[in-house]
Amino acid sequence: MLSINMDDVINVINSIKGYLIGFGIVAVLLIVAMIACRKMKKSKKYLIRFNAVLGIVLALGVTVNLILVGPMYSMVTLATGGGKVSEENGALATELCEDIADEGIVLLDNAGTLPLAKNSKLNVFGWASTNPCYGGTGSGALSDAYPTVSLLEGLTNAGFELNTELSDFYTAYRADRPEVGMFAQDWTLPEPEAAQYSDDLINNAKAFSDTAMIVITRVGGEGADLPTDVSTVTYDAGHSYNDFEPGEHYLQLSKTEEDMVDLVCKNFDNVIVVYNGANAMELGWVKDHSQIKSVIWCAGTGQSGFNALGSVLCGDVNPSGRTIDTFVYDLTATPTWNNFGNMLYDNMNEFEADSFGTKVTPAFVNYVENIYVGYKFYETAAAEGLIDYDKTVVYPFGHGLSYTSFTQTLNSVTESDGTITVDVTVTNTGSVSGKDVVEVYYNPPYTNGGIEKASANLIGFAKTSEIAAGASENVQVTFKAEDMASYDAHGKGCYVLEKGDYIISINSDSHNVIDSKTYTVASDIVYNESNPRSSDQTVATNEFDFAEGNVTYLSRADGFANYAEATAAPTDYSMPAEAKATFYNNSNYDPNDFNNPDDVAPTTGAKNGIQLADMVGVAYDDEKWDSFLDQLTVADMDSLIALGGYQSVAVSSVGKVQAIDCDGPASINNNFTQQGSIGFPSAVMIAATWNTDLAYSFGESIGKMADDMGVSGWYAPAMNIHRSAFAGRNFEYYSEDGVLSGAIASHAIMGSQDQGVYAFMKHFALNDQETNRCGMLCTWASEQAIREIYLKPFEACVKNADCHAVMSSFNYIGNTYAGNCPELLINVLRNEWGFVGMVLTDYYGVYGYQDSDHLIRNGGDFCLVNYDTETNHLTDTTSATALVCARQACKNILYTVANSRAYYPENLNPGMATWEKVMIGVDVVGVLALIALEILVAKKGYAKRKKEEVDA
């Protein structure tokens with residue numbers, strides 16, 4: 001039985017409304033005008049002029065109507081649709097924001113100064129105290145729709161009495177940072193010079209309180225990495241506030257900051273340092289001052305999280321956060337220092353492209369450190385004798401203190417059916433309640449010159465509940481034995497769990513082992529075609545040989561004997577001929593060269609009477625999808641693929657409604673309606689909680705607020721790796737470790753998807769720097785590093801959270817754009833991991849290399865843009881390959897949307913949009929008024945002619 005869907009009726013009305021009204025007006029105008037003019041014996045200039053003006057008005061009306069129901073329909077709906085967050089969900093999100101900050105603030109050092117006495121007086125030094133970091137800049141910035149709690153307000157709200165003479169001094173010196181655009185960066189650090197602190201100011205501060213707090217802030221954001229030589233950066237009117245010497249970088253103290261620290265330490269014996277920033281700054285200087293008794297890391301707190309800083313300082317909250325990166329003394333001595341930033345090819349000029357008005361040539365970055373990223377390097381390098389750990393690392397990965405003390409007892413490490421269970425008892429041996437983190441690592445057997453392996457590898461973790469003083473809690477951490485396998489790219493070409501002893505330990509951080517037990521593998525377990533890992537749909541085999549390039553990668557062999565050679569700055573700036581021969585951008589890509597002669601064109605435009613609502617819950621591989629997809633026209637498929645920016649477009653032929661997608665990752669923001677949610681703490685602070693329940697609650701809250709706003713898709717979470725401390729977007733990426741990042745991200749996705757909001761995990765993959773991100777940035781990395789480090793969090797989100805949406809990245813992997821890399825998007829993501837869903841590009845600025853024909857042939861589905869560009873619409877709409885690939889892309893989009901909140905019964909049949917009702921009203925009134933005027937003019941003309949005839 002054929003059913004009539006009211007959405008179809010409305011869509012049809014919307015589609016023809018403008019045409020009917022426009023042509024109707026023109027027809028009436030012409031008929032009336034012709035009658036009036038034909039019956040007139042003499043030309044009447046006023047009538048001709050009137051009709052001319054009327055014709056122009058009507059032509060404009062027709063044009064507006066045609067535009068609004070045609071190419072601009074989606075844009076207007078985006079700009080006028082959706083709702084706003086309910087008071088209830090907004091209040092719950094604000095409370096959750098503080099809960100996350102409570103557990104995400106990390107106590108790095110404490111010599112008894114903290115917690116401070118309730119309602120005590122406090123001197124707060126540092127210009128940043130009046131201009132703190134709430135998150136970062138760019139698409140991950142906070143919404144302006146909600147007020148923020150400042151750092152000083154957070155302290156005051158906790159009951160502290162602050163020295164306002166100091167804050168007034170900083171505000172008078174400079175009230176704020178310069179205003180910058182969405183993707184612009186501001187690197188100013190306008191710290192007053194020590195000489196500007198008058199004797200009266202310091203003496204008054206000493207009289208006010210014997211305790212001082214120093215605030216140091218660093219802010220990063222989308223579009224640029226933090227400067228590795230700040231002296232080369234200029235600021236407003238060319239004036240520099242930073243006072244850095246040539247060669248000094250942004251993550252060390254400026255001269256004025258050093259002088260301020262010295263001044264405070266000279267005058268106060270009890271000094272607290274608060275580092276407020278997401279990027280792992282050099283903090284070795286805190287060890288140089290005996291007056292600095294306590295150090296706190298407080299990353300971007302979101303809109304209300306600074307209340308938590310006050311709560312931690314006064315002891316209302318017992319800190320339980322842990323570091324998510326390794327803090328080192330000298331960032332210039334890291335393995336990545338020489339291979340991060342701006343490196344342009346010298347033999348790729350023929351591929352020069354326009355990127356927003358700027359001519360760019362392909363660039364590159366070499367991931368020379370291999371699998372030895374972050375703590376995996378420092379722990380292994382220390383074990384091999386390459387470094388003196390205590391002189392290299394200030395604070396290890398996973399480090400964090402409490403106001404109480406805990407013991408952890410490793411009860412057992414057992415294995416059953418390939419799953420290993422680590423059983424631990426955590427006891428609060430202190431005097432106040434608090435939470436602890438159980439961190440489980442493994443140290444695999446390593447053969448010199450064999451498969452690369454780090455000596456410390458996080459494999460699982462768990463956050464305890466609040467444990468009362470003297471009480472205990474039993475914690476179990478489970479993982480699969482196969483998760484300890486290493487990828488043997490140059491041997492077996494698959495994962496291998498080598499025989500030998502695996503030391504499984506519980507640690508207080510990556511460096512300090514509490515206790516351990518040995519798990520022995522009797523013989524090599526090779527996860528090949530006949531024995532794939534249990535979590536893989538197809539066996540993991542070499543896919544990224546093409547991305548290794550001519551790079552010398554760091555090896556543990558002979559105690560990192562090749563360290564100097566591998567980590568040196570590149571000397572060869574030419575792309576190898578073999579890679580260049582298969583490098584594509586829009587200048588040399590022709591879809592016809594990639595057509596499959598065996599493809600058979602699918603059916604299009606069939607009338608099978610199936611609506612997308614009928615496909616809700618239908619399995620992806622059900623044959624019903626074929627009958628449903630047969631109904632799509634080529635134009636339908638082109639629109640779905642081309643116009644995927646902040647939406648997936650409505651398709652009337654199959655009853656698909658427009659689904660709205662919005663930016664993240666710390667909030668959900670509609671850039672068109674300016675409606676947004678509360679801004680949560682930055683991703684690093686969420687990760688620093690080491691609490692997957694909080695991560696789930698974060699995603700759940702995002703989902704509820706998105707539903708309030710009529711939003712079905714969330715451009716988040718972002719989970720690239722903190723390869724370098726200088727990466728601009730580290731604030732919206734979780735960690736230097738893939739296991740931690742994957743656990744936090746997957747729980748955030750579970751939370752949002754449980755509310756019907758699909759999360760676009762991003763940026764897939766190896767988008768670990770901002771420099772040249774849209775400049776055809778060729779990222780060269782070993783297969784082992786790609787799999788064990790950079791794909792790890794994405795893999796967890798597919799396998800553990802059943803993620804259904806992906807945003808690909810701007811960069812190239814090797815010589816292939818990630819947005820149309822079949823090895824990544826088809827072979828690994830879909831075939832190996834079993835991903836079912838849609839892949840969206842990152843912002844579709846074209847940049848000389850984005851092309852919809854190219855992406856749909858290689859695993860991509862649609863373009864993040866909502867207007868026409870030169871390459872987002874399909875140019876090949878006739879070949880069988882183009883139609884097969886377009887149909888597959890559309891299936892991925894339609895399947896994902898059909899199984900989201902967009903197709904919950906309560907969200908369907910919303911009726912006509914308000915702006916459409918207004919337009920119809922305007923059209924009707926306009927038509928009636930114009931017809932009336934035409935009749936009036938005609939009648940007057942006729943009357944005048946009759947009078948002339950009588951007078952004659």
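Student: Let's start with the open sheet of 6 strands: what is its strand order?
Tutor: Happy to, and do keep in mind that this is a predicted model. The pairing in this open sheet is mixed. Reading across its 6 strands, the order is β1-β6-β5-β4-β2-β3.

Student: Which strands stand at the edges of that sheet?
Tutor: An edge strand has a single partner, so one of its sides is left without a neighbour in the sheet. That description fits residues 106–110 and residues 161–162. The edge strands are therefore β1 and β3.

Student: In which sense do β4 and β5 pair, and what stands opposite T211?
Tutor: Strand β4 covers residues 211–217 and strand β5 covers residues 270–276. The two are joined over 7 bridges, in the parallel sense. Within this pair, the residue of β5 opposite T211 is N270.

Student: Which strands does helix α9 touch, and what angle does α9 make with β6?
Tutor: Helix α9, residues 306–314, packs on the sheet. There α9 touches β4, β5 and β6, the last of these being residues 292–297. The direction of α9 makes an angle with that of β6 of about 150°.

Student: And α7, at what angle does this helix run to β2?
Tutor: Helix α7 is formed by residues 199–208 and lies across β2 and β3. Strand β2 itself spans 121–125. The angle between α7 and β2 is about 145°.

Student: How many residues of α9 are buried, and what covers them?
Tutor: The buried residues run from F306 and N307 through A308, L309, G310, S311, V312 and L313 to C314. Their cover includes α4 (87–104) and α5 (151–157), along with β4, β5 and β6. The helix is largely enclosed by the rest of the structure, because the buried count is 9 of the 9 residues.

Student: What phi does G315 take?
Tutor: G315 comes just after α9. Its phi is positive, at about 90°.

Student: Moving along the chain, where is V618, and is V618 buried or exposed?
Tutor: V618 is found in a loop, between α14 (577–581) and α15 (624–629). Buried means under 20% relative accessible area. V618 has 13%, so this loop residue counts as buried.

Student: Which residues are in contact with V618 once neighbours within four places in sequence are left aside?
Tutor: One useful distance is to N899, which is 281 residues away along the chain, while the C-alpha atoms of V618 and N899 are separated by 9.0 Å. As for contacts beyond those sequence neighbours, V618 has them with K624, W625 and Y895.

Student: What is the relative accessible area of D876, and which residues is D876 in contact with?
Tutor: D876 sits in the loop between β31 (862–864) and α24 (880–898). It is buried, with a relative accessible area of 7%. Its C-alpha atom is separated by 9.7 Å from that of S852, 24 residues apart along the chain. Leaving aside neighbours within four places in sequence, the contacts of D876 are P591, N592, N595, D853, R857 and A882.

Student: There is also an open sheet of 4 strands; which strands are at its edges?
Tutor: The order in this sheet is β10-β26-β28-β29, again with mixed pairing. An edge strand pairs on one side only. The two edge strands are β10 (363–366) and β29 (816–817).

Student: What is the bridge partner of Y812 in β29?
Tutor: Strand β28, residues 812–813, pairs with β29 in the antiparallel sense over 2 bridges. In β29, the partner of Y812 is Y817.

Student: How many residues of β15 are buried, and which residue is the bridge partner of E439?
Tutor: Strand β15, residues 457–463, is mostly covered, with 7 of its 7 residues buried. Strand β14 (residues 437–443) runs antiparallel to β15, and 6 bridges join them. In β15, the partner of E439 is F461.

Student: How many cavities of 30 Å³ or more are there, and which residues are closest to the centre of the largest?
Tutor: The search of the whole structure finds 6. The largest holds about 240 Å³ of space. Its 20 lining residues divide into 10 nonpolar, 7 polar and 3 charged. Closest to its centre are T334, Y378, R723, S724 and A725.

Terms used
Residues numbered from 1 in each chain as written. Predicted model: local features only at pLDDT ≥ 70, side-chain atom pairs only at ≥ 80, totals over all residues. Heavy atoms only, no water. Pairing = 2+ DSSP bridges. Contact = heavy atoms within 4.5 Å. Axes fitted to C-alpha atoms, helices over the stretch in contact; angles between N-to-C directions. Buried < 20%, exposed > 50% of the residue type's maximum accessible area, 1.4 Å probe, protein only. 1 Å grid on protein atoms, 1.4 Å probe; cavity = no way out; pocket = protein on both sides within 12 Å on 5 of 7 lines; lining within 4 Å. Points joined across faces, edges and corners; volume = space filled by probe spheres on them. Nonpolar A, V, L, I, M, F, W, Y, C, P; charged D, E, K, R; others polar.
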